[in-house]
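Could you walk me through this structure in the viewer, one selection at a time? I would like to know what to pick next and what to look for there.

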Amino acid sequence: MAPSAENRVWDPAELLPRARLAELQLERLRASVSRAGVTPFYDGVLSRAGVAPGDLRTLDDLRRIPFTTKDDLRAHYPLGLLAVPRAEVARIHGSSGTTGKPTFVAYTHGDLERWSGLCARFLVAGGLRPDHLVHVAFGYGLFTGGFGLHQGIERVGAGIVPVAGGNTPRQVMLLRDLRPDVLVCTPSYALHIAEVARADGGDPRELGLAFGHFGGEPWTEEMRFEIERELGIRAFNNYGLSEVIGPGVSGECAARTGMHVAEDHFLVECVDPWTLEPVADGEVGELVFTSLTKEAMPILRYRTRDLAALDRSPCPCGRTGARMSRVVGRSDDMFIVRGVNVFPSQIEEALLRVEGAAPHYVIEIARPGTLDEAVVRVEIRPGDFSDEMRHMVALRDRIDHEIHSITGIRMTVELVAPSALGRSEGKARRVIDHRRAGVPGRDPA
Ligand code: DLL
């Protein structure tokens, strides 16, 4: 289906009735399990579990297949899960690990074609048209963000300014001079671009952007309002991970009530990260994905560590793919302070409730004695920075109060000057945990 102003659905498969979708998923699941089974890793997994593709009679039979984890990928570094001859590999990307070696993922030409179509889906759902110009500030390289979005935009037929990450004053100059309609980057970088544009004496709203597609890291609804207010745009959320394909796993439509999962290409499950049992729709759990159409590196029941809820109720846009909520955090990003589970998104929500606090923060957790201590360092907004102690104490107390009312615990709030905390050009690092071990018995399975 060609994109046009009247038709805002990129692929008719997005509208498949759920019964038909389920048939297609089962057929594709069997094929995907057969493809995965050619790798020694999945051959072993499937034979130990006693599962052959023909045994999968209903979609529920998926649960007979064990989970795949990041550790499995690491153990088969670099390309042990490759299911096609190396000559058929068209591209290799890698996930942005914070430590050690990246996890590589491979694509055939067919995979790249499907991937660009998946990115086109959410871009079009969020308003991209062939006559738009898009500023892409995601890194181009092993990270899937730059190339993934680039090819999706190209598929739609829109123009691209492939700026990549970094050198924010130059990004602002290009935005001013080329006047693109759309911004694509991480949400934290969008805010930083606005900040630099303002510091430069301009009004970021005058850059003339109409909307933005943001993803690659968790963010909150409050952060969306902030980006929209600062840049004068509509902000859309899109989600993905390299192990599954990259961006294009899910994205928001105009209703912006969750991100439609491309369920004809990925089966999605939501499980309790401790018991690994399924949770009901509407409840937060860990997302697990199974690829249905990937050739180079099929993945079965991949545990993402991303916590979100699923919603299968009908959407006004007509797309039938389940909607996933915002990612509220990662089961391994979640930190436990004095027995209470806290997500960075809760701190962000608290800060954005307080006028004068900027959504630039770092949480440091330590256990100097027997008790956990959490320090939240928060930047003050430039206009609210004051020499008057009284103002600063009042601001700190308001932040303290909001954090307490959202998380139920007290943290030490430290105010720092505007721009004192470093900025990331990609994904923001929010939590620094100095404790050596997690809390016994509370770590997810
Ligand atoms: O970040 C793929 C991507 C690029 C998605 C650009 C969207 C836009 P990885 O580097 O493998 O891949 O990191 C994947 O990032 O498991 C989530 O924890 C997080 N993440 C990605 N998108 C979102 C989002 C890319 N919209 C990891 N909201 C995932 C929350 C997100 N978290």
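Happy to. Start by selecting residues 373-380, which form strand S19. This is a predicted model, and in it 6 of the 8 residues of S19 are buried, so the strand is largely enclosed by the rest of the structure. Buried here means under 20% relative accessible area.

**Along one partner of S19**

Keep S19 on screen and add residues 357-366, strand S18. The two strands pair in the antiparallel sense, with 7 bridges between them. To see the register, label isoleucine 363 and look across to valine 376 in S19, which stands opposite. Then follow the backbone from S18 into S19: a hairpin of 6 residues makes the connection.

**Along another partner**

Now add residues 412-416, strand S20. How do S19 and S20 run relative to each other, parallel or antiparallel? They run parallel, and 5 bridges join them. For a landmark, pick valine 375 and find its bridge partner in S20, threonine 412. As background, the strands of a sheet pair through backbone hydrogen bonds, either parallel or antiparallel.

**On to an open sheet**

Next, colour the strands of an open sheet in the order S4-S3-S5-S6-S7-S8-S9-S14-S13. That makes 9 strands, and their pairing is mixed. Go to the edges, where you will find S4 (159-161) and S13 (310-311). Each has a single partner strand, so one side of each is left without a neighbour in the sheet.

Within this sheet, select S7 (residues 234-241) together with S8 (residues 246-252). These two are antiparallel and share 4 bridges. Glycine 240 makes a good label here, with proline 247 of S8 opposite.

**Zoom out**

Finally, show the whole chain. The protein contains 10 helices and 21 strands. Its C-alpha atoms fill a box of roughly 70 × 55 × 40 Å along the principal axes. The radius of gyration is 22 Å, which agrees with the value near 22 Å that a compact globule of 445 residues would have.

If you colour by burial, 53% of the 445 residues will come up as buried. Switch to a surface view and you are looking at about 18,700 Å² of accessible area, 52% of it belonging to carbon and sulfur atoms. Contacts are worth a look too: of those between residues at least 6 apart in sequence, 67% join residues at least 24 apart.

For a last selection, show the charged side chains: there are 53 positive and 60 negative ones, and the centres of the two sets lie 2 Å apart.

Key. Residues are numbered from 1 along each chain as its sequence is written. This is a predicted model: local features need pLDDT of at least 70, side-chain atom pairs count only at pLDDT 80 or more; totals for chains, interfaces and linings use all residues. Side-chain values use heavy atoms; hydrogens and water are left out. The radius of gyration is taken over C-alpha atoms; the globule rule is 2.2 Å times the number of residues to the power 0.38. Buried means under 20% relative accessible area, exposed over 50%, partly exposed in between (1.4 Å probe, protein chains only). Contact means heavy atoms within 4.5 Å. Accessible areas come from the Shrake-Rupley method with a 1.4 Å probe; for residues, only the protein chains shown count as cover. Lys and Arg count as positive and Asp and Glu as negative; His and the chain ends are not counted. The place of a charge is taken as NZ of Lys, CZ of Arg, CG of Asp or CD of Glu. Two strands pair if DSSP finds at least two bridges between them.
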